[in-house]
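Here is a set of questions and answers on one protein model. Look at the strands, the core and the aromatic rings in turn.

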Amino acid sequence: MTAAHMDPDEFRRAGHAVVDWIADYWATVGQQPVAPSDPPGTVAAALPTTPPTTGGEPVEAVLADLDAIVVPGLTHWQHPSFFGYFPANTSGPSVLGDLVSSGLGVQGMLWATSPASTELETVLMDWLAHLLDLPQQFRSSGRGGGVIQDSASSATLVATLAALHRASGGRWRETGIDRRYRAYTSTHGHSSIEKAVRIAGLGSDGVRTIDVDPATQAMLPAALRAAIEADLAAGDVPAVVVATIGTTSTTAVDPIPEIGAICAEYGIWLHVDAAYAGAAAVCPELRWSHAGLEYADSYCFDPHKWLLTGFDCDAFWVADRAELIEALTVLPEFLRNAASDSGAVIDYRDWQVPLGRRFRALKLWFVLRWYGAEGLQAHIRSGVRLAERFAEQVRSDDRFELAAAHPFALVCFRLRADDDVNAALLTSVNATGRVHLTHTRIAGRYTLRMAIGSPQTTDKHVDDAWTLLATTAQDLLNR
């Protein structure tokens, strides 16, 4: 049998079944092992080696295979005891917004290809700027404005390209890399910075990693200045500094006021990466982390990390959108239209690497209207409170130590033992399937990371994780 297109009635029935399945998954995910224990290849071996020849398979059969094959092979990022990496949590409103976006199936590359897609995104980015109390320079009412990228990695890349365009006096766009340009970030800067610099043609050697303060793990402004001056003396061109609010390893906050002043002095593009911790600024008491942001040429954070909006959704702003557009715009004849030629509209294709773009603003719109500022503040404050609860348990146990400050909802800690014992502790607790944590190195030492962010995580989940860590640690120390 050759399957016909799914008509609206069939879609309605199947859609109800899928929504019910997702709701059941959320209701029971806490009962699943957080991560699978099966060896590589398990899921692939359970799947047919060829695609179906005939269609018409009922959605119930697909959902049954989801239960039998896919779910057991997942690491459950929505699990209340998932404490690895950084949170990447979704929510009901976000999923519904994504569903509507998928159903509409519009292509938002130009204003003309879907006016509402562009205009809603512009307004939503201004809403977010208001919610975080970002500097006025990033609002669309002036020279700046915001756009939704897929990730902070893409935001760093387009910021780097705009910075090169500025640093070359516009030559980069026509002739490419004509001199040795430099990018600067701390030793805890995200790996996407090196990738962006490599994609831009500068090579890994184009990145200058700047030392951090051993006490705070934040970039040292004096070391940044020294690196810039050394490069200038060598005839190189400092192009971009990437400062971080909430580094991946420890959530350290680079001193943006001092870094910004240096960038202003030398005319260097300042991009501020707040991928994880930017969401914290919805709470007035955490906005101290954004001090100095008025120096930034660009800034981004990920609502898909800690703001209950499903991946992918990075919020990226520039202080002067003309610089970004000039660096990235390419206009073939087939895209020309009266609205674009008028200069009265925004074409977001000029703000990103790909041409095409999904209607990502819808899920953000659903989230902001469902939770409001107060609901999002309550979510952030819950994570910060739970992190402090866990940190207090670490402090109260002489076998453990905190390895860094925890201004947000990440706690870095370790046993007062060698790296091998700490690595064994992480492996052992994760192997139980009851929790999932990850690690980093701070000052060269193996360190465990407890990242809290799921809206389902409660005091009990945090306390159970601590009990498991403490008892497992004692078993290891007794060996």
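Q: In this predicted model, how many bridges join strand β5 to β6, and which way do the two strands run?
A: Strand β5 covers residues 269-273. One of its residues, Val272, stands opposite Tyr299 in β6. The two strands run parallel, and the bridges that join them number three.

Q: Which residue of β7 is the bridge partner of Ser298?
A: Strand β7 spans residues 314-318. β6 pairs with β7 over four bridges, in the antiparallel sense. For Ser298, the bridge partner in β7 is Val318.

Q: Are the faces of strand β6 covered or open?
A: Take residues 298-301 side by side. Ser298 and Cys300 are buried on one side. Tyr299 and Phe301 are buried on the other. Both faces of β6 are therefore under the 20% relative accessible area that counts as buried at these residues: covered.

Q: Which residues have the most contacts inside the largest nonpolar core?
A: This core has 89 residues. Helix α14 gives the most to it, with twelve residues. Inside the core, the most contacts belong to Tyr299, Phe301 and Trp317.

Q: Which residues does Phe301 contact, leaving aside neighbours within four places in sequence?
A: Phe301 is buried in β6. Its contacts include Leu128, Leu132, Ala274 and Ala275. Gly278, Ala279 and Leu307 are also among them. To these add Asp314, Ala315 and Trp317.

Q: How many aromatic pairs are there, and what kind do Phe390 and Phe413 form?
A: The count comes to 16 aromatic pairs. In one of them, Phe390 and Phe413 lie 5.1 Å apart, centre to centre. Their planes stand at 70 degrees, and over 60 counts as edge-to-face, so the pair is edge-to-face.

Q: How far apart in sequence are the parts that Phe390 and Trp466 tie together?
A: Phe390 and Trp466 form an edge-to-face pair, 5.9 Å centre to centre, with 80 degrees between the planes. Both residues are buried. Phe390 lies in helix α14 and Trp466 in helix α16 (residues 459-478), so the pair ties together parts whose separation in sequence is 76 residues.

Q: Which residue lies over the face of Phe86?
A: Phe86 belongs to one aromatic cluster with Tyr276, Trp288, Trp306 and Phe408. A residue also lies over the face of the Phe86 ring, at 5.1 Å from the ring centre. That residue is Arg449.

Technical notes. Residues are numbered from 1 along each chain as its sequence is written. This is a predicted model: local features need pLDDT of at least 70, side-chain atom pairs count only at pLDDT 80 or more; totals for chains, interfaces and linings use all residues. Side-chain values use heavy atoms; hydrogens and water are left out. Rings of Phe, Tyr and Trp (its six-membered ring) pair if their centres lie within 6.5 Å; planes under 30 degrees apart count as stacked, over 60 as edge-to-face and the rest as tilted. Buried means under 20% relative accessible area, exposed over 50%, partly exposed in between (1.4 Å probe, protein chains only). A charge sits over a ring if NZ of Lys or CZ of Arg is within 6 Å of the ring centre and within 35 degrees of the ring normal. Two strands pair if DSSP finds at least two bridges between them. A nonpolar core is a set of buried Ala, Val, Leu, Ile, Met, Phe, Trp, Tyr and Cys residues joined through side-chain atoms within 4.5 Å. Contact means heavy atoms within 4.5 Å.
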